[in-house]
Amino acid sequence: MSRIVHQSQTHDSAALHVSGRARYADDIALPGNALHVAFGMSTVAHGRIKFLDLSAVRSAAGVVQVFAAANIPGHNNYGPVLHDDPIFATDEIQFYGQPIFAVAAHSFDAARRAAKLAHIDYETLPALLNIADALAAESQVLPTETLRHGEPESALAAALHRLTGTVAIGGQDHFYLEGQIAIALPQENGGVLIHSSTQHPSEVQHLVAHALGRHSHDVVVQCRRMGGAFGGKESQPALFACVAAIVATATRLPAKVRVDRDADMVMTGKRHDFSAEYDVGFDAQGRIGGLSLMLASRCGYSADLSGPVNDRAMFHADNCYYLENVQIVSHRCKTHTVSNTAFRGFGGPQGMMAIEAVVDDIARYLQLDPLAVRRANFYGIDERNVTPYKMPVEDNLVHRIVDQLCASSDYAARRAEIAEFNASSPVIKRGIALTPVKFGISFTATQYNQAGALVQVYTDGSVLLNHGGTEMGQGLFTKVAQVVAEEFGIALDQVRVSATDTSKVPNTSPTAASSGSDLNGKAAQAAAQTIRERLAAFAAEAYQVAPAEVVFADGEVRMPGHTLKFAALVHQAYMARVSLSSTGYYRTPKIHYDRKTFSGRPFYYFAWGAAVAEVAIDTLTGENRMLRVDILHDVGKSLNPALDIGQIEGGFLQGAGWLTSEELYWSDKGELKTHAPSTYKIPAASDWPEDTRISLLQDTPNAEDTIFHSKAVGEPPLMLAISVFHALRDAVGGAAGPQAAARLTAPATPEAILHALDVPAGSTPDNFLSVENRVTA
């Protein structure tokens, strides 16, 4: 019997992507009377509107109508959690680029030109623009949270060695190739159909309904595919969909909101930048005895998803390391900048960056190989295996992965060879690092760990599948189609996946938290199994065999003495009035979580991985390059190895961009200056290392009952790129000593590398403040 799952199958839209025939929201043909919408945005970071005159906007050529807060029939909000994100600002301006009004015109060009004609006077107010200022002002979007385990104060006081230090971690723009876009088409009786480039159609549906003062059943949201998302289309698309719907329902004309790249980058949230401070106690081998860790993030002006993002940063501040005595304090800082939001990893990468810096600093202080200190702190198998949030670490794969990767990458020999190279190379310095990844899979918002699907079998044997997940290039539609084809024993091309549609599968969870295949695959499997069981029962009765003897494989239905084509049995079942349609539902088992105490089992399982990165830096210019990358990653029993390797490649390079080249810069007036590819550098093809060796961990199916025992792969690979940052640290340390390595900030741009190298010989870095050293001669 041939298998459909566990095989490399082509992405269902691959041919469409490369030929330019894949249809995105912007490709949807609209009637000639469709309206195009542009925003009028604030030009101060913090202030009050003293005077607003839109008369010149209204009288501009091509303008049909202008919309402000007073024109919203329902709630002036698109915030998903605290309802603190106004669609249009009314009195107070809270970030540079905040929408104040929208212009609907016969063309996008006319709308943009008209928006610039507004006359707005502001009372400028003091603005908090960074984490340090927000901490000093005790400015928060959400209360500070604390996670404690053990007795960190006592452990720190008793430690043989003790260090304090700081870690600076930059933000990141999503830079999806398809920008934010929404199209609203008015329907009968006040309804509206929304085409939205969104990871969360149900949330868009609910927020549009609230903005219109309607019920959810009046709003249908569809999304066939996105041209990238990375978390930036989880909460952010609601703004654009709400405005499109407001315009369309008011004018009874189709309305399209499509912002250009500059406006998109100014108006939408980013990955949270973080500042971390630590106080760590450890022994002579570098094993951590006690840790006090402060994490502070720039959340922007509203809560958005900052609560769960910062929670997950706390949950991943252990990475692969057992922290017996630890306190993690998380400050969620309010600033007068755009509200930061979900981004691939959802706080996990920032938490991991903090603990990896702690471990690396310990190693350099003790003059040990950082890998040796990492090994000394790994979670154990039967002991030292409980996280700070009291979840046992089961199925621990870090030892196996690191051992295997060390051998396959020839880590030890290369490290010695690099040291020899650096000793004889005055300008070019090389560095190497191995870093591990342990990433929890499930939404920490437990209610999202559920999914629905609809499977329909037609009388010719073809199958139509719809589920609540969204396709953003990651191959989710292909994987879920593989699941359904496998259950029916038919070819993959007999299954067609239709656009995600809130009128077909309601109350969907966002396609996020790396859970798309886990949730939607299981829901689709349940629906397909229901239909298959009906068919088997019908065949058993019709052909006088036991239901267990009915086998679906290779496009056939096989029974003792009989073999039918799948389509033939389906047609017979239809003639006998057997239902060929079913919904399916799935909820993740085992998870439970008390947020008040930050304890429980927030994750169904962990995905593991490790990477070895080798880099070179030019000490005169700060320029740097990845020379080689070795990756070994755990995906369980892969549903589709080709797609999984693609996700590892893309996630790793996106993470490398975050930590090396993607620098966000705001002026002292709060204006984002890096708002286009001319000023914001994402990795290019030339940044991919010439020597790349990526492998999937073999013969290790998921110990939990996930879909065909696979594991999630969307987010965890991004954190493999932490190895690149630490390889750069290693190169900087090879050039100017451990104090220089400790000064390197993320992103490690050429300027950051030069700054780190600029350390006077023999000086002590800021973070190597040894409070007490009990080593005796």
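Ala, Val, Leu, Ile, Met, Phe, Trp, Tyr, Cys and Pro are counted as nonpolar, Asp, Glu, Lys and Arg as charged, and the others, Gly among them, as polar. In these terms, the lining of the second largest cavity divides into five nonpolar, four polar and two charged residues. The model is predicted, and every value reported here is computed from it.

The count of cavities of 30 Å³ or more comes to four. For the second largest cavity the volume is about 50 Å³. Its lining consists of Tyr 78, Asp 85, Phe 95, Gln 236, Met 267, Gly 269, Tyr 301, Ser 302, Asp 304, Val 338 and Ser 339. Because Gly counts as polar, Gly 269, a lining residue of this cavity, falls in the polar class. Domain 1 (31-126 + 180-258) and domain 2 (274-444 + 595-773) each supply at least three residues to the lining of the second largest cavity.

The largest cavity has a volume of about 70 Å³. Twelve positions need not be treated singly here; the residues lining the largest cavity include Ile 441, Ser 442, Asp 518, Lys 522, Tyr 604, Tyr 605 and Ile 707. By class, six residues of this lining are nonpolar, four are polar and two are charged. Helix H15 (residues 516-543) gives the most to the lining of the largest cavity, contributing three residues. At the level of domains, at least three lining residues of the largest cavity come from each of domain 2 (274-444 + 595-773) and domain 3 (450-587).

Strand pairing was examined next. Strands of a sheet pair through backbone hydrogen bonds, either parallel or antiparallel. Both senses occur at strand S12 (residues 255-258): strand S1 (residues 35-41) runs parallel to S12 and is joined to it by three bridges, whereas strand S9 (residues 181-186) runs antiparallel to S12, with four bridges between them. On the S1 side, Leu 35 stands opposite Ala 255 in S12. On the S9 side, Ala 182 is opposite Val 257 in S12.

An open sheet of four strands has the order S16-S27-S28-S29, and its pairing is mixed. Strand S16 (428-441) and strand S29 (691-696) are the edge strands, each pairing on one side only. Neighbouring strands of this sheet are turned against each other by 15° on average, direction ignored. Six bridges link strand S28 (residues 624-633) to S29 in the parallel sense. Within this pair, Leu 632 stands opposite Ser 695 in S29.

Terms used. Residues numbered from 1 in each chain as written. Predicted model: local features only at pLDDT ≥ 70, side-chain atom pairs only at ≥ 80, totals over all residues. Heavy atoms only, no water. Pairing = 2+ DSSP bridges. Helix = DSSP H or I, 4+ residues; strand = E, 2+ residues; numbered from the N terminus. 1 Å grid on protein atoms, 1.4 Å probe; cavity = no way out; pocket = protein on both sides within 12 Å on 5 of 7 lines; lining within 4 Å. Points joined across faces, edges and corners; volume = space filled by probe spheres on them. Domains from an automatic or database assignment. Axes fitted to C-alpha atoms, helices over the stretch in contact; angles between N-to-C directions.
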